[in-house]
Every structure is written in structure tokens, then in C-alpha cells.
Amino acid sequence: METIGKSLVFLGLVLVVMGFLFIFLEKLPFGLGKLPGDILIKKDNFTFYFPLATSLLLSVILSLILMLLSKLSK
């Protein structure tokens, strides 16, 4: 049970850090969230935004970081 508790605390900290990054990344100049593969549809009274390219990029980056952390912990 101790291992599960530590894993949940670590996952919670990762989620908090990611939340702060999403809040403050809007203000950074490199335009994360406005990549060419992101889908944006604006109609009269409707806006649909699906950050496809941003999601893929963040997935690759997080996968690499977690892979490096797992290799370093062994």
C-alpha cells in the first residue's frame, strides 16, 4: 500500500505542475496551443477547439521524460 500511496502523491504533483504550465504557457511567446495541426472552428455562436498537434507534442515530450525517469531510477 505504501508504494501505491507514493505513486498517487507523485501523480498528483505531476498534475499540479501540468496545471500551472497550462495556465502560464498561454503567456509564453512560442505559441503552444496554436500549432498548425490544431483544429479551430468558429461559427456565429459556436467555437470548437481541439488541440490535436499540441496534444501529440505534449504526449511525446511527457513519454520521453517518463522514459528517462524510469531508466534513471533503475
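Two strands count as paired if DSSP finds at least two bridges between them. In this predicted model, that rule applies to strands E1 and E2, which run antiparallel and are joined by four bridges. Within this pairing, Ile41 stands opposite Phe48 in E2, and Leu40 has Tyr49 in E2 as its bridge partner. Strand E1 covers residues 39-42, while strand E2 covers residues 47-50. A hairpin of four residues leads from E1 to E2. In a regular strand, side chains alternate between the two faces of the sheet.

**Overall layout**

The protein contains two helices and two strands. Read from the N terminus, the order of these elements is α-β-β-α. Helix H1 takes up residues 2-24, and helix H2 takes up residues 52-73. A loop lies between H1 and E1, and Pro36 is found there.

Of the 74 residues in the protein, 5% count as buried. The accessible surface of the protein is about 6,700 Å², and carbon and sulfur atoms account for 75% of that surface.

Confidence in the model averages a pLDDT of 85 over the protein, with 88% of the residues scoring at least 70. Confidence is lowest in H1, where the mean is 86, and highest in E1, where the mean is 91.

**The surroundings of Asp38**

Asp38 belongs to the loop between H1 and E1. Its relative accessible area is 12%, and it is therefore buried, the cut-off for that class being under 20%. The side chain of Asp38 has polar atoms close to several partners, and the distances are listed here.

| Partner of the Asp38 side chain | Part of the partner | Distance |
|---|---|---|
| Thr54 | side chain | 2.9 Å |
| Leu35 | backbone nitrogen | 3.0 Å |
| Leu52 | backbone nitrogen | 3.3 Å |

Thr54, one of these partners, sits in helix H2. Thr54 is classed as buried because its relative accessibility is 7%. The polar contact between Thr54 and Asp38 thus links a residue of H2 with a residue of the loop between H1 and E1, since both side chains take part in it.

Pro36 lies in the same loop as Asp38, the one between H1 and E1. Is Pro36 buried or exposed? Pro36 has a relative accessible area of 87%, so it is exposed. The C-alpha atom of Pro36 is 7.2 Å from that of Ala53, although the two residues are 17 residues apart along the chain.

**A nonpolar patch on the surface**

Eight residues are named in a nonpolar patch on the surface: Phe10, Leu57, Ile61, Leu62, Ile65, Leu66, Leu69 and Leu72. Together they have about 740 Å² of accessible area. Which element gives the most to this patch? Helix H2 does, with seven residues.

Ile61 is one of the patch residues and is located in helix H2. Ile61 has a relative accessibility of 38%, so it counts as partly exposed. The patch rule asks for over 30% relative accessible area, and the value of 38% for Ile61 satisfies that condition.

**A salt bridge in helix H1**

How many salt bridges does the protein have? The count comes to one. The salt bridge is formed by Glu2 and Lys6, whose closest N and O atoms are 3.2 Å apart. Glu2 and Lys6 are four residues apart in helix H1, so about one helical turn separates them.

Both ends of this salt bridge are on the exposed side of the classification, which begins at over 50%. Glu2 counts as exposed because its relative accessibility is 58%. Lys6 also counts as exposed, because its relative accessibility is 54%.

How values were computed
Residues are numbered from 1 along each chain as its sequence is written. This is a predicted model: local features need pLDDT of at least 70, side-chain atom pairs count only at pLDDT 80 or more; totals for chains, interfaces and linings use all residues. Side-chain values use heavy atoms; hydrogens and water are left out. Patches are made of residues with over 30% relative accessible area and no salt bridge: like charges are joined within 9 Å, nonpolar side chains (Val, Leu, Ile, Met, Phe, Trp, Tyr) within 5 Å. Accessible areas come from the Shrake-Rupley method with a 1.4 Å probe; for residues, only the protein chains shown count as cover. A salt bridge is a side-chain nitrogen of Lys or Arg within 4 Å of a carboxyl oxygen of Asp or Glu. Buried means under 20% relative accessible area, exposed over 50%, partly exposed in between (1.4 Å probe, protein chains only). A polar contact is a pair of N or O atoms within 3.5 Å; within protein, one must be able to donate a hydrogen and the other to accept it, and residues adjacent in sequence count only if both atoms are side-chain atoms. pLDDT is the predictor's confidence in each residue, from 0 to 100.
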